[in-house]
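Here are my notes on this model, jotted down as numbered points. Have the structure open while you read.

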Amino acid sequence: MKTQPYKQDTGNLAYKVGVTLDRFIKSKQADFPFATGELSQILRDIALASKIVSREISRAGLSDVTGAFGQTNVQGEEQQKLDVVANVRFTRALTKGGEVCAVVSEEEDLVIDLQNSKGKYVVAIDPLDGSSNIDVNVSIGTIFSIYRRKTATGSPIKEEDVLQKGSEQVAAGYVLYGSSTMLVYSTGNGANGFTYERSLGEFFLSHPDLSMPEEGSIYTINEGLTPHINPNILSYLEACKRAGASARYIGSLVADFHRNLLKGGIYLYPATSQAPNGKIRLMYEANALAFIAEQVGGAASDGRQRILDIVPGSLHQRTPVYIGSKNMVKGLEKSLNG
Ligand code: FDP
């Protein structure tokens with residue numbers, strides 16, 4: 001039979017749409033420490049759930065998904081309907097995917113045991129971060145950390161499977177529901193960003209090999225906290241201002257972190273006199289972003305040590321967070337510790 005090679009060049013008629021998340025994950029599978037495809041499946045499950053959540057968010061205001069759900073979570077915060085929707089979507093996707101044995105979620109008091117005797121992975125997730133921005137059409141996000149369980153599969157989940165240090169994450173990432181929906185993830189070999197093409201229903205590689213400027217000119221803090229924080233932090237902020245830095249604060253951790261990743265800057269959520277451990281949760285907020293920060297050349301500290309070195313004592317533990325451009329985080333630590 002006569003054949004002909006496939007000619008890719010069609011001029012402007014069919015421009016290339018790029019590399020899909022799925023293809024990218026497959027192409028990088030061999031880089032994972034345990035390259036059996038299970039971690040790839042988890043990333044796909046998270047991507048799928050994030051597409052559904054993105055759809056729900058984009059309908060907010062039209063469908064009945066805004067406003068309070070009528071219950072508080074374990075942190076005593078009022079759950080929004082979309083918090084609950086996102087929690088169900090991600091947990092369901094991780095259950096059906098079949099690779100995860102346990103989930104730690106901001107929205108659940110206890111570890112969710114998925115009763116999956118084959119699952120080798122534990123996922124910690126904030127299904128919808130930035131709740132106070134849901135009802136006002138401002139960017140929100142999802143944050144996730146993936147760990148390998150320590151104990152043998154088939155045995156009951158133990159504390160050591162779940163309360164792992166951030167440095168033990170095998171993958172982590174976030175989804176930003178902003179002017180476009182983006183997924184950024186890392187398996188420990190740098191980080192890459194994917195933008196969601198809604199009409200095709202696919203994430204495409206849009207930000208390969210992300211890197212964070214070592215220096216930045218943005219500081220990100222809830223200025224309302226300043227009467228209640230360590231004066232050394234105020235001195236650091238004054239120095240930033242004298243050096244010409246600008247304040248930017250969205251109030252959604254993922255969005256604030258993502259902007260600073262691309263442009264250079266520091267996000268601060270310090271300890272305050274009322275909240276001596278700050279506000280940000282270690283297991284499903286700080287750890288994943290610290291992992292990404294380090295992968296892109298940035299840094300993340302609680303003021304004294306790397307976020308990734310903190311040994312968690314409980315699921316919903318909080319930590320002060322200083323995260324962003326490496327030199328800014330170093331400068332903050334220096335100012336804080338004299
Ligand atoms: P939220 O409470 O709206 O879910 O840790 C959660 C978080 O938002 C972060 O996303 C955000 O950076 C921070 O809290 C905002 O806290 P403040 O309202 O105290 O500024």
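1. Start with R306: its relative accessibility is 35%, so it counts as partly exposed. Do keep in mind that we're looking at a predicted model here. R306 pairs up with D309, and their side chains form a salt bridge with 2.9 Å from N to O. D309 sits at 29% relative accessibility, so D309 is partly exposed as well, given that this class covers the range between 20% and 50%.

2. How many salt bridges does the model have in total? The count is 13. As a reminder of the general idea, side chains of opposite charge can pair when their charged atoms come close.

3. One I'd look at is K120 with E38, where the closest N and O atoms are 2.6 Å apart. This pair ties together distant parts of the chain, 82 residues apart: K120 belongs to the loop between strand 4 and strand 5, while E38 is in helix 2 (residues 38–58). Is E38 buried or exposed? With a relative accessibility of 12%, E38 counts as buried because the cut-off for that label is under 20%. K120 has a relative accessible area of 26% and is therefore partly exposed.

4. Next, R55 and E56. Their side chains meet in a salt bridge at 3.0 Å, N to O. The two get different labels: E56, at 9% relative accessibility, is buried, whereas R55, at 37%, is partly exposed. Which residue joins R55 and E56 in a network of salt bridges? That would be R89.

5. Now strand 3 (residues 100–105). Six of its six residues are buried, so the strand is mostly covered. Strand 3 runs parallel to strand 5 (residues 121–129), with five bridges joining them. Strand 3 also pairs with strand 4 (residues 112–113), this time in the antiparallel sense and over two bridges. Strand 3 and strand 4 make a hairpin, with six residues between them.

6. A102 is a handy marker for both of those pairings. Opposite A102 in strand 5 stands V122, and in strand 4 the bridge partner of A102 is D113.

7. Then there's an open sheet of five strands, in the order 12-11-13-15-14 and with mixed pairing. Strand 12 (246–247) and strand 14 (299–301) are its edges, each pairing on one side only. Within this sheet, strand 11 (residues 218–220) and strand 13 (residues 266–269) pair in the parallel sense, over two bridges. For a residue to click on, try Y219, which stands opposite I266 in strand 13. In general, strands of a sheet pair through backbone hydrogen bonds, either parallel or antiparallel.

8. What lies across strand 14 and strand 15 (321–324)? Helix 7 (residues 282–295) does, running at about 30 degrees to strand 15.

9. Last, the surface. V136, V138 and I250 make a nonpolar patch of about 210 Å². V136 is found in the loop between strand 5 and strand 6 (140–148). Why does V136 count as exposed? Its relative accessibility is 52%, and the label applies over 50%.

Note on methods. Residues are numbered from 1 along each chain as its sequence is written. This is a predicted model: local features need pLDDT of at least 70, side-chain atom pairs count only at pLDDT 80 or more; totals for chains, interfaces and linings use all residues. Side-chain values use heavy atoms; hydrogens and water are left out. Two strands pair if DSSP finds at least two bridges between them. Helices (H or I, at least four residues) and strands (E, at least two) are DSSP runs, numbered from the N terminus. Contact means heavy atoms within 4.5 Å. Axes are lines fitted to C-alpha atoms, for helices over the stretch in contact, and angles run from 0 to 180 degrees between N-to-C directions. Buried means under 20% relative accessible area, exposed over 50%, partly exposed in between (1.4 Å probe, protein chains only). Patches are made of residues with over 30% relative accessible area and no salt bridge: like charges are joined within 9 Å, nonpolar side chains (Val, Leu, Ile, Met, Phe, Trp, Tyr) within 5 Å. Accessible areas come from the Shrake-Rupley method with a 1.4 Å probe; for residues, only the protein chains shown count as cover. A salt bridge is a side-chain nitrogen of Lys or Arg within 4 Å of a carboxyl oxygen of Asp or Glu.
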